[in-house]
Amino acid sequence: MFISPEKKCLANINSSSVLLFSSLFRYKNMLLLASVLVSFSLLAQQQTIAVETKDNALVLQTDKENRLGIIYFGKRLLNSGEYTGITQQYRRDNDNKGIDNNVYTPAGTWNLLEPAIQVTHADGNKSLELLYVSSSVTKTDDNTKLTRVSLKDPVYPFEVTLFFRTWYNENVIEQWSEIKHAEKKAVVMEKYASANLYFTNTKYYLTHFHGGWATEMRPEETELTAGIKTLDTKLGARADLFQPPTFALSFNKPATEDEGAVMLGTLAWSGNYKIDFEKDVYDHLRVIAGINPYASAYTLQPNQTFTTPGFIYTYSGNGKGEASRNLHNWARKYRLLDGEGKRLTLLNNWEATYFDFDENKIVSLFKGAKNLGVDMFLLDDGWFANKYPRNDDGAGLGDWQENKKKLPSGIGYLVKEATKAGVKFGIWVEPEMVNPKSELYERHIDWVLREPQRPEHYYRNQLVLDLSNPEVQNFVYGVLDTLFTKNPELAFIKWDCNAVIFNAHSKYLENNKMPQSQLYVDYVKGLYKVLQRLRAKYPTVPMMLCSGGGGRVDYGALQYFTEFWPSDNTDALERIFIQWNYSYFYPAIATCNHVTDWSKYPLKYRTDVAMMGKLGFDIVVDQLSEKDLQFAQQAVANYKTFSDVVWHGNLYRLMSPYEDDFASLMYVNDTKSKAIVFNYLSNFRYALNASVQPVKLKGLNAKKRYSVTEINLYPGTKSAIKADQTFSGDYLMAVGVNPGVDLRHTSVILEVDEVN
Ligand code: DGJ
């Protein structure tokens, strides 16, 4: 961070001035306060704060009234001293000057735009003003810094601290705020955003995503027009499903993979969120991101601190590809649990058996897992509940005891048998939920989110437990803790969440005379408390964040999870598109892709598609033909030889399935000695011209020489790629290589190896 040196001492003058204001306020000498305010304005000298990463800068500056605005966001200047002179190039002369670019726009005084914060003070007054007090920077390590900016209301003892954590090399910023007051009674916060950004370009192109069950992450790009475009969700227990909290914002023209200025942004919050894009009268853009204020007024007691979730963003002047790699590098190193580690390949029984299994059937499937060569068997839904057995999705959720009929010898026996068969054992849970047909519901109806005076509404026949209630938090923690305590060898958890919050009413909040409007926020905070407790005791066990598909993927939850389930839709062609879109924001190591029988495509195609992330299977191995089994075994073995590059390498999207007849993407390791190129036919029409052109590779070393070999061939087939040739990186990136994708070779995986 850069603060203009001659101004540093004034930060202290300002902070003592604000302290003086609060004591003056206590004596209610408003007249004197007004006159001090005037002299304060005269005293205040301009502060310039640059929040910088390797390539970019977000620059804040105070104005004459000591309000802090955003004056620049973009490429970092070579000489940081020049930031101070940026505002002179902009003439925004109107009565809203000074508030339109505010760093955290307060409501209720003279702001006419979408606020970042809106409150009702203890005395019922609804006005808020936030003036700059001070700022500081602390260095966490050579790559990470935290900039704190303190803002205070000159009239009320109300303050906001803005935090900007920067990861220098990854060009990533996480921004959040802390809100606190020392008023006589509680303050009600109607809106409390995480971040309020301001962009001084003239044209903006927003790529956002939408969908539903099995249609997750469908992109749309739109030019933003004057007014507000909102992305939001009101699902309660999860952020996305219909609309994930992830977006790409291009400046001046739509960015491509390698060209254009673009920001990727996302909110690290697993509940309701709202991101507003407001284009103002100057064609400047305000972005306000945070918890959705919908039905969520939050009561803040004196001296209590409310911390908003982080808004994470990265900016690149070189297109979406570089921006994605920024996020991937950051996520692997700093956010995703064990992001730089390894993952378990697995065989899951969900699509193989659904609820129809018993102990013998499950044990018989272990052999299949071993035969395939995967690391683990994952037992899915249907293993629990006795009074109301979990034989379909209409009963049993909440009763986490092994079903005695299906599993008379218990989970412990299955773990032992799996170990004997030479595979690890993982298990499915959905601990935040309850079926009305369950003993839990009968015993603890007060733990269930439901409107007591109205009929219950169900989502997948179930209701959500009230995680604002500490007893429920203990229960949810206990479900997992008991499983681990009884079965210390448990190697993996699939944590599902298949309902949204309908009937948003909490008996716990009601009993404790707390406002119902805290429920949506306290639910997510309660969930995070459980996850923190679990991680304190079980720091390393891999856990999949699942939610009937892409209903729950966000960087708030991913700090506790090693991976996520992108969609229940495992049709290989559909998955190319779904995985493609997730790849803008989340690294391949976190993206669970399973080979299933959902689609009719050949096993090779389905497997090749799953290999572009974390590979798993959800098939009956015994039913594979001899050749298919041979292929699958070889594929798992191959995957183990290159998964390191997929999991930890740099992703380059080469040909888009939205623009071309086939999709092509590659991962390159850090030393540029090895790359894996995935190519998938995505248009199955006759006489398409997919196989005509070469694909230009990216991210290699132009001076190195490489061999290009097709791998993962189906038994008995031959590659169209000539063996025994080597190419320079320069050639592969300028001319390219033709993978020969066509109707007979619907997927082709190439391994590119440095040769000496
Ligand atoms: C939804 C998940 O996405 C599926 O993989 C499976 O675990 C089912 N829930 C089980 O109910």
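This report describes the ligand site of a predicted model, one lysine that lines the site, and the nonpolar cores of the protein.

## The ligand and its shell

The ligand is surrounded by 13 residues, of which Asp 380, Asp 381, Lys 494, Asp 496 and Asp 568 are the closest. By class, this shell divides into six charged, four nonpolar and three polar residues.

Three side chains place a polar atom beside an oxygen atom of the ligand: that of Asp 381 at 2.6 Å, that of Lys 494 at 2.8 Å, and that of Trp 428 at 3.1 Å. The ligand taken alone would expose 290 Å², and the protein buries 97% of that area.

## Lys 494

Lys 494 belongs to strand β26, which runs over residues 492-495. Because its relative accessibility is 5%, and buried means under 20%, Lys 494 counts as buried.

Beyond its neighbours within four places in sequence, Lys 494 is in contact with Asn 348, Leu 378, Asp 380, Ile 427, Trp 428, Val 429, Met 544 and Cys 546. Among these contacts, Asp 380 is also one of the closest residues to the ligand, while Trp 428 has a polar side-chain atom 3.1 Å from a ligand oxygen.

## Nonpolar cores

The largest nonpolar core holds 192 residues, and those with the most contacts inside it are Leu 249, Leu 379, Trp 383, Phe 425, Trp 495 and Phe 678. Leaving out residues up to four places away in sequence, Trp 383 touches a set of residues that includes Phe 357, Trp 400, Leu 407, Ile 411 and Leu 483, and Ile 427, Trp 428 and Val 429 are contacts of both Trp 383 and Lys 494.

Another core, of 24 residues, lies apart from the largest one and has Met 655, Val 737, Val 741 and Val 748 among its members.

Definitions and conventions:
Residues are numbered from 1 along each chain as its sequence is written. This is a predicted model: local features need pLDDT of at least 70, side-chain atom pairs count only at pLDDT 80 or more; totals for chains, interfaces and linings use all residues. Side-chain values use heavy atoms; hydrogens and water are left out. Helices (H or I, at least four residues) and strands (E, at least two) are DSSP runs, numbered from the N terminus. Buried means under 20% relative accessible area, exposed over 50%, partly exposed in between (1.4 Å probe, protein chains only). Contact means heavy atoms within 4.5 Å. A residue is near a molecule or strand if one of its heavy atoms lies within 4 Å of it. A polar contact is a pair of N or O atoms within 3.5 Å; within protein, one must be able to donate a hydrogen and the other to accept it, and residues adjacent in sequence count only if both atoms are side-chain atoms. Accessible areas come from the Shrake-Rupley method with a 1.4 Å probe; for residues, only the protein chains shown count as cover. Ala, Val, Leu, Ile, Met, Phe, Trp, Tyr, Cys and Pro count as nonpolar, Asp, Glu, Lys and Arg as charged, and the others, Gly among them, as polar. A nonpolar core is a set of buried Ala, Val, Leu, Ile, Met, Phe, Trp, Tyr and Cys residues joined through side-chain atoms within 4.5 Å.
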